[in-house]
Amino acid sequence: MVMKARAENPARTRRDRLIHEMVHDPYKTKRKLSEPTVCPVCNAVFLNGRWRWVDSWPLSANKAICQACHRTKDDYPAGVLILTGPFVRTHKVELINLARHHEREENIEHPLHRIMRIEEHPDSLVIKTTDIHLPRRIADAVHHAYKGELDLHYDKEGYFARANWRYEQ
């Protein structure tokens, strides 16, 4: 019995197929940054393969705007949390403080996870973030503290998350 190799001639193997990204994030850098690289806006430092907060960096460090500052400048959030209902009107300060608390905790280890802006409306709060994980964490904390209805949605191939929380009192 003679077995043939899968590809007898390696030159005939197709190499023109497109490989699609699982998740498309337009703000993700296309190449690895040189180390150390400092964001001139927020002073986060790209070191050992990721962005982090450090006390000091060499004067000769490269400069590049991090993804979070770039998203904030372009006003293009990766995540949105919408808090609605009459409860929001009477507890805005508490809800904003809870969101800011979770942002501070998250931002210690992940400098790119930030709240871009909090928009206050008569019966709602809209929290826009620079990543897809922070809205989920804030929404889970609000849901845990006050109950209500929570709906989460992640785009299948896009880098975007939406969380909707509603509480009728």
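What is the volume of the largest pocket? In this structure, which is a predicted model, the largest pocket comes to about 540 Å³, and I would like to begin there before moving on to the strands and the aromatic rings.

The lining of the largest pocket is made up of 25 residues, and Asp25, Lys28, Gln67, Leu112 and Tyr159 are the ones that lie nearest its centre. If we ask which elements give two or more residues to that lining, the answer is S3 and H1, and H1 supplies the largest share, namely three residues.

Let me stay with helix H1, residues 67-74, for a moment. Within H1, the residues Gln67, Ala68, Cys69 and Arg71 are buried, and the buried residues of the helix pack against S3 and S6. Gln67 therefore appears twice in this account, once among the residues nearest the centre of the largest pocket and once among the buried residues of H1, while a reminder that applies to helices in general is that an α-helix has 3.6 residues a turn, so residues three or four places apart point the same way. Just past the end of H1, aspartate 75 takes a positive phi of about 55 degrees.

S3, which we have met at the pocket, also belongs to an open sheet of four strands, arranged in the order S3-S2-S1-S4 with mixed pairing. Strand S3 (50-52) and strand S4 (62-63) stand at the edges of this sheet with a single partner strand each, so one side of each is left without a neighbour in the sheet. S4 runs parallel to S1, and two bridges join them; in that pairing, valine 38 has lysine 63 in S4 as its bridge partner.

Now to the strands later in the chain, where S7, residues 124-129, is a good place to start. How many of the residues of S7 are buried? Six of its six residues are buried, and this covers both faces, with Ser124, Val126 and Lys128 on one side and Leu125, Ile127 and Thr129 on the other. That division into two sides follows the general pattern, in which the side chains of a regular strand alternate between the two faces of the sheet.

S7 pairs with S5 in the antiparallel sense over six bridges, and here leucine 81 has isoleucine 127 in S7 as its bridge partner. S7 also pairs with strand S6, residues 115-121, again in the antiparallel sense and over six bridges, with glutamate 120 standing opposite leucine 125. The connection from S6 to S7 is a hairpin through two residues.

In the loop between helix H3 (92-109) and S6 we find histidine 113, which is buried, because its relative accessible area of 12% falls under the 20% cut-off. The side chain of histidine 113 makes a polar contact of 3.3 Å with that of aspartate 131. Aspartate 131 is also one of the residues in contact with histidine 113 once neighbours within four places in sequence are left aside, and the others are Glu103, Glu106, Asn107, Thr130, His133, Leu134 and Arg137.

A further hairpin is formed by S8 and S9, with six residues between them. Strand S8, residues 149-154, pairs with S9 in the antiparallel sense over six bridges, and aspartate 151 stands opposite asparagine 164 in S9.

Finally, the aromatic residues, for which the count comes to six aromatic pairs. One of them is tilted, and joins tyrosine 27 to tyrosine 76 at 5.5 Å centre to centre with 35 degrees between the planes. Tyrosine 27 lies in the segment before strand S1 (37-38), whereas tyrosine 76 lies in the loop between H1 and strand S5 (79-84), so the pair ties together parts that are 49 residues apart in sequence. Tyrosine 27 is buried, with a relative accessible area of 12%, and tyrosine 76 is partly exposed, at 45%.

Another pair, formed by phenylalanine 87 and tryptophan 165, is edge-to-face, at 6.0 Å centre to centre and 70 degrees between the planes. Since phenylalanine 87 lies in helix H2 (residues 86-90) and tryptophan 165 in strand S9 (residues 161-166), this pair ties together parts that are 78 residues apart in sequence. Phenylalanine 87 and tryptophan 165 are both buried, and together with Tyr146 and Tyr167 they form one aromatic cluster.

Definitions and conventions
Residues are numbered from 1 along each chain as its sequence is written. This is a predicted model: local features need pLDDT of at least 70, side-chain atom pairs count only at pLDDT 80 or more; totals for chains, interfaces and linings use all residues. Side-chain values use heavy atoms; hydrogens and water are left out. Rings of Phe, Tyr and Trp (its six-membered ring) pair if their centres lie within 6.5 Å; planes under 30 degrees apart count as stacked, over 60 as edge-to-face and the rest as tilted. Buried means under 20% relative accessible area, exposed over 50%, partly exposed in between (1.4 Å probe, protein chains only). Two strands pair if DSSP finds at least two bridges between them. A polar contact is a pair of N or O atoms within 3.5 Å; within protein, one must be able to donate a hydrogen and the other to accept it, and residues adjacent in sequence count only if both atoms are side-chain atoms. Contact means heavy atoms within 4.5 Å. On a 1 Å grid over the protein atoms alone, a cavity is a set of points where a 1.4 Å probe fits but cannot get out, and a pocket is an open set with protein on both sides within 12 Å along at least five of seven lines; lining residues have an atom within 4 Å of a point. Grid points are joined across faces, edges and corners, and a volume is the space filled by probe spheres set on the points.
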